[in-house]
Amino acid sequence: MTTYSLTLRDEHLTQLRNHLLREEGCEHAAYVLCNVASIRHDPWDRQAHRKYLSAKVIPVPDDHVLESTPNLVTWSTASFVRALKEAKANEQVVAVVHNHPSGMTRFSEQDDANEPDLARLAVNRNGPDSTILSMILTADLQIAGRVWLRPLDGAHAPLRLIRIFGERWTLHYEGRGADASVPSFNRQALAFGDALNHDLRKLRIGIVGCGGTGSAVAVSLARLGVGHLLFVDNDIVDQTNLNRLHGSCQADADAMRPKVEVLARTVSEMGLGVKVVPIEAWVGDPQCRNSLRSCDIIFGCTDDHEGRLFLNRFAYYYLTPVIDIGLAIDVDRGTPPSVKALDGRVTVIATGHTCLLCRGVINPEIARAETMRRSEPDEYERRKAESYVIGEGNPAPAVVTFTTELACMGVNEMIHRLQGFRGPEGGAQNRVRKFHLSEDRRPGHKPGPACAVCSGDGVWGKGDTEPFLGRIA
Ligand SMILES: [Zn+2]
Ligand SMILES: [Zn+2]
């Protein structure tokens with residue numbers, strides 16, 4: 001079986017809202033052109049999954065509307081045929097959206113009767129494999145949707161999840177907030193309500209980099225009740241990790257166990273019903289793609305520039321927010337050393353936000369050296385000996401209380417974006433905690449004018465492309 005979901009950029013929802021939801025309380029219509037991520041195998045439910053990614057909103061012009069009442073909208077299909085043409089040219093799918101002023105998120109009998117005609121038109125215009133989506137928006141901004149699969153026999157399937165990503169992150173799915181949370185998470189429902197617990201249960205969250213920070217993110221997400229976790233790391237536990245790697249012990253270092261395996265054991269032993277997928281690989285390795293594309297949100301806890309560079313593109317192509325976390329401790333060379341700076345950074349990489357390259361977080365030269373070390377180790381060693389590449393420095397200082405606090409900062413940013421506890425202006429695209437000064441700062445950076453990923457929406461929600469994540473200029 002295949003399951004279906006949709007990610008809608010927040011500004012697209014705003015455009016839909018402005019066109020569909022009007023004072024007079026009648027139905028209106030619009031289209032959303034969507035790109036596709038086609039996932040062969042979701043690692044948690046082991047089913048195929050199609051993720052639709054919003055690319056463009058096209059309102060049905062008012063002068064094409066034949067009838068618009070509180071229970072009905074009909075319009076001439078000329079605009080639909082134009083939308084199909086544009087979708088075909090860009091390998092996209094058309095979603096037909098209308099509003100239900102009554103607030104009903106179920107499709108009406110009228111919808112069931114009309115939509116197969118549109119689905120048939122799509123097959124006739126764009127070929128036998130064409131599908132369309134249909135969506136309902138209510139006055140209180142609830143959204144539901146379905147996919148028309150085989151219009152000739154009326155087969156359709158629900159969108160199991162609709163994600164809206166902007167300054168806030170909103171999820172729509174069947175049964176949200178319908179029943180009470182399980183007892184293990186009651187105490188946090190007392191703070192934030194049952195809906196957050198349901199959202200967390202529903203989410204598929206990836207953690208890339210399972211060291212000090214990543215392991216702290218993982219145990220926090222598990223205890224929050226996140227239902228599906230993915231761990232990606234290609235490293236093994238070393239004795240020097242034991243000061244900060246949550247869940248690890250000396251025996252893991254002795255057995256040279258992979259970090260992802262230790263973390264999967266730690267989380268599953270909690271018995272909190274979290275489904276865990278460990279992948280022992282570098283994040284850019286093709287074997288990770290299926291699982292990364294299945295994620296709704298990703299935490300970037302890696303310390304390599306190349307991995308960050310990969311996630312920096314992935315976030316925009318797949319409309320998947322990445323919460324990137326980094327710690328930098330700068331000491332002088334005295335004995336004992338004294339701290340010059342102790343900075344923790346949490347950056348949200350997402351459409352509408354400035355990317356890590358433009359913030360100067362990623363050093364492209366180091367990323368290139370890391371690529372060479374991974375793919376051409378002999379050449380890398382030769383150039384390192386001749387000082388042509390930037391070699392690895394001494395091991396960076398790391399202290400568990402700071403890596404863990406930083407992980408909590410990152411997770412709390414996610415909780416705010418899902419639940420809103422900090423109020424309307426509460427999200428921070430980039431927060432730097434100056435631990436040595438006991439203060440937080442929010443350094444702002446604008447997208448660089450030539451940035452391929454964050455300066456315009458050219459690649460936002462592109463989804464699957466050949467090559468993967470496009471050609472890097
Ligand atoms: Zn309807
Ligand atoms: Zn950028």
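Two strands count as paired if DSSP finds at least two bridges between them, and helices (H or I, at least four residues) and strands (E, at least two) are DSSP runs numbered from the N terminus. The model is predicted, and local features need pLDDT of at least 70, side-chain atom pairs count only at pLDDT 80 or more, while totals for chains, interfaces and linings use all residues. Residues are numbered from 1 along each chain as its sequence is written, and chains are lettered from A and ligands numbered from 1 in the order in which they are written.

**Exercise 1. Describe how strand 12 is paired and how it is covered.**

Step 1: start with the partner, for strand 11 (residues 204-208) pairs with strand 12 in the parallel sense over five bridges. One position shows this directly, since Ile207 stands opposite Phe231 in strand 12.

Step 2: turn to burial, where a residue is buried if 20 or more other C-beta atoms lie within 10 Å of its own, exposed if 12 or fewer, and partly exposed in between, with C-beta atoms placed from the backbone. Five of the five residues of strand 12 (residues 228-232) are buried, so the strand is largely enclosed by the rest of the structure.

Step 3: look at the two faces. In a regular strand the side chains alternate between the two faces of the sheet. Here His228, Leu230 and Val232 point one way, Leu229 and Phe231 point the other way, and all are buried.

**Exercise 2. Check the length of helix 6 and say how many of its residues are buried.**

Step 1: the expected span of a helix is 1.5 Å times one less than its number of residues. For the 13 residues of helix 6 (residues 212-224) this gives 18 Å, and the end C-alpha atoms are 19 Å apart, which agrees.

Step 2: helix 6 is mostly covered, as 11 of its 13 residues are buried, among them Gly212, Val217, Leu221 and Leu224.

Step 3: just after helix 6, Gly225 takes a positive phi of about 100°.

**Exercise 3. Follow the chain through strands 7, 8 and 9, and describe the turn that holds Leu141.**

Step 1: strand 7 (132-138) and strand 8 (143-150) have a loop between them, and Leu141 is placed in that loop. The two strands run antiparallel and are joined by six bridges, with Met135 standing opposite Gly145 in strand 8.

Step 2: strand 7 and strand 8 form a hairpin with four residues between them. In this turn Leu141 has a positive phi of about 65° although it is not a glycine, and Leu141 is partly exposed, with 13 other C-beta atoms within 10 Å.

Step 3: strand 8 is in turn joined to strand 9 by four bridges, and these strands also run antiparallel. Trp148 has His156 in strand 9 as its bridge partner.

**Exercise 4. Find the residue with a positive phi between helix 2 and strand 6, and the two cis peptide bonds before prolines.**

Step 1: the loop between helix 2 (78-89) and strand 6 (93-100) contains Glu91. Its phi is near 55°, a positive value in a residue other than glycine, and with 11 C-beta neighbours inside 10 Å Glu91 counts as exposed.

Step 2: a cis peptide bond joins Thr335 and Pro336, with omega about -5°, and Pro336 lies in the loop between strand 15 (322-331) and strand 16 (339-349).

Step 3: a cis peptide bond also joins Glu466 and Pro467, with omega about 0°, and Pro467 is found in the segment after strand 18 (439-441).

**Exercise 5. Describe the two domains and the side on which domain 1 touches domain 2.**

Step 1: domain bounds come from an automatic or database domain assignment, which gives domain 1 (2-165) and domain 2 (184-441). Their centres, taken over C-alpha atoms, are separated by 36 Å.

Step 2: two residues are in contact if their C-beta atoms, placed from the backbone, lie within 7 Å. By this rule 15 residues of domain 1 are in contact with 16 residues of domain 2.

Step 3: the elements giving two or more residues to this side of domain 1 are strand 1 (2-9), strand 2 (29-39), strand 3 (48-59) and strand 9 (155-165).
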